[in-house]
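Good morning, colleagues. Please take a moment with the sequence and the model on the screen before I begin.

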Amino acid sequence: MNRRGWRLVLVIGISAPVLSVGQAAVAAVPCVALQVQSNGRGLSALAAVDLPGGRVRPIADLPFRVNAIGARGDTVYGLASRGRAGAFPDGGHVVTIARDGTAVDRGALKGWPRPLDALAGTVSGKRWYLRDDTGLYVVDIDPGSARYLTVVSHAWLWPGGLARTVDDFDFGSDGLLYGVAAHGKLVSLDPATGEVRPTRSPSVGQGDSYGAAVRASDGTLYVLANDYRGRSVWFHVSVRPPAVAELISKTPVDHTDAAGCVAGPTPPPPPPPTPPPPVP
């Protein structure tokens, strides 16, 4: 989660060189991702990102510094390292965020072991998956459960050197987590065994850190390179068959993460035709 920034760029690449194309080359199901990024005070701001176009709509400034977010319905779960008064002395706090930006501190994450400052996060069903260093933690987010907001399982990711560079991920249709490691390697993470394995897809831009990853309903993975050639860039990644498209770069941000990728808004129906003028 580094700092970088916003200028409109559109290219596609099947291998390391990235080739310029037009907007029509990116054929993907539109969706809306919710993104957190730090503001000038070191806390986080919530925004909606329309993908694949990349239009950003600010929602609200948050009173927390939040990372590792995942969305369940209309509620976003995030792990906060600090609030307005400073860092939390008891470790990461669970924060729930409504889509209008209303944020509530739910207290320290329960259970042991537990992540103190998770970088990657996503939600599947009633479980919230978090990565902190080489640990993969699963948190119960069923409000009706006695173990609500408690770590219910934990696995070690291996090899550790590769796992530590996966700054965000989302689930694929095969039950594996997918994210981009350092130098643009698209990798899968097995939540059952902890194995992190490079896929056969080509390199995604050769960046050092990819701080946001969300999956659309058609299987498209959108990932945000924090620093690609001096700017932040969204990529459109088709896991099968391999193809990569650079979408949009943004103004400098620090500490970014994304979740959701819900279906885009339905366009309004066309207005009724204007009746012809009366015949005199």
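I shall speak about one sheet, the aromatic pairs that involve it, and then a set of polar and charged contacts. Please bear in mind throughout that this is a predicted model.

Let me begin with the sheet. Four strands form an open sheet in the order β11-β12-β13-β14, and their pairing is antiparallel. At its edges are β11, residues 120-124, and β14, residues 151-156, each of which pairs on one side only. On average, neighbouring strands here are turned by 20° against each other, with direction ignored.

Within this sheet I should like to dwell on β12, which covers residues 127-132. How many of its residues are buried? The count is 5 of 6, and the strand is thus described as mostly covered.

On one side, β12 is joined to β11 by 5 bridges, and the two run antiparallel. Two of the partnerships can be named: V123 is matched with W128, and G121 is matched with L130. The two strands make a hairpin with 2 residues between them, and G125 in that turn has a positive phi of about 65°.

On the other side, β12 pairs with β13, residues 135-140, in the antiparallel sense over 6 bridges. Here L130 stands opposite Y137. This is again a hairpin with 2 residues between the strands, and D133 in its turn shows a positive phi of about 55°.

I turn now to the aromatic residues. A pair of rings is described by the distance of the centres and the angle of the planes. The search of the whole structure returned 4 aromatic pairs. In one of them, the ring centres of Y77 and W128 lie 5.9 Å apart with the planes at 45°, so this pair is tilted. It links distant parts of the chain, since Y77 belongs to strand β7, residues 75-83, while W128 belongs to β12, 51 residues apart. Both Y77 and W128 are buried.

Another pair consists of Y129 and F171. With ring centres 4.9 Å apart and planes at 75°, it is edge-to-face, because an angle over 60 degrees is counted that way. Y129 is in β12 and F171 is in strand β15, residues 170-171, so the pair ties together parts 42 residues apart in sequence. Y129 and F171 are both buried.

Next, a polar contact. S209 sits in the loop between β18 (196-198) and β19 (210-215). Is this residue buried or exposed? S209 has a relative accessible area of 5%, so it is buried. Its side chain is joined to that of D167 by a polar contact of 2.5 Å.

Finally, the salt bridges, of which the structure holds 8. The side chains of D50 and R55 meet at 3.0 Å, N to O. D50 is buried at 15% relative accessible area, whereas R55 is exposed at 52%. D50, R55 and R57 are linked in a network of salt bridges.

R99 and D74 form another salt bridge, at 3.2 Å, N to O. R99 is in the loop between β9 and β10, and D74 is in the loop between β6 and β7, 25 residues apart. R99 is partly exposed at 26%, and D74 is exposed at 56%.

R197 also forms a salt bridge, with E195, their closest N and O atoms being 2.9 Å apart. R197 is partly exposed at 48%, as is E195 at 22%.

Thank you for your attention.

Definitions and conventions: Residues are numbered from 1 along each chain as its sequence is written. This is a predicted model: local features need pLDDT of at least 70, side-chain atom pairs count only at pLDDT 80 or more; totals for chains, interfaces and linings use all residues. Side-chain values use heavy atoms; hydrogens and water are left out. Rings of Phe, Tyr and Trp (its six-membered ring) pair if their centres lie within 6.5 Å; planes under 30 degrees apart count as stacked, over 60 as edge-to-face and the rest as tilted. Buried means under 20% relative accessible area, exposed over 50%, partly exposed in between (1.4 Å probe, protein chains only). Two strands pair if DSSP finds at least two bridges between them. Axes are lines fitted to C-alpha atoms, for helices over the stretch in contact, and angles run from 0 to 180 degrees between N-to-C directions. A polar contact is a pair of N or O atoms within 3.5 Å; within protein, one must be able to donate a hydrogen and the other to accept it, and residues adjacent in sequence count only if both atoms are side-chain atoms. A salt bridge is a side-chain nitrogen of Lys or Arg within 4 Å of a carboxyl oxygen of Asp or Glu.
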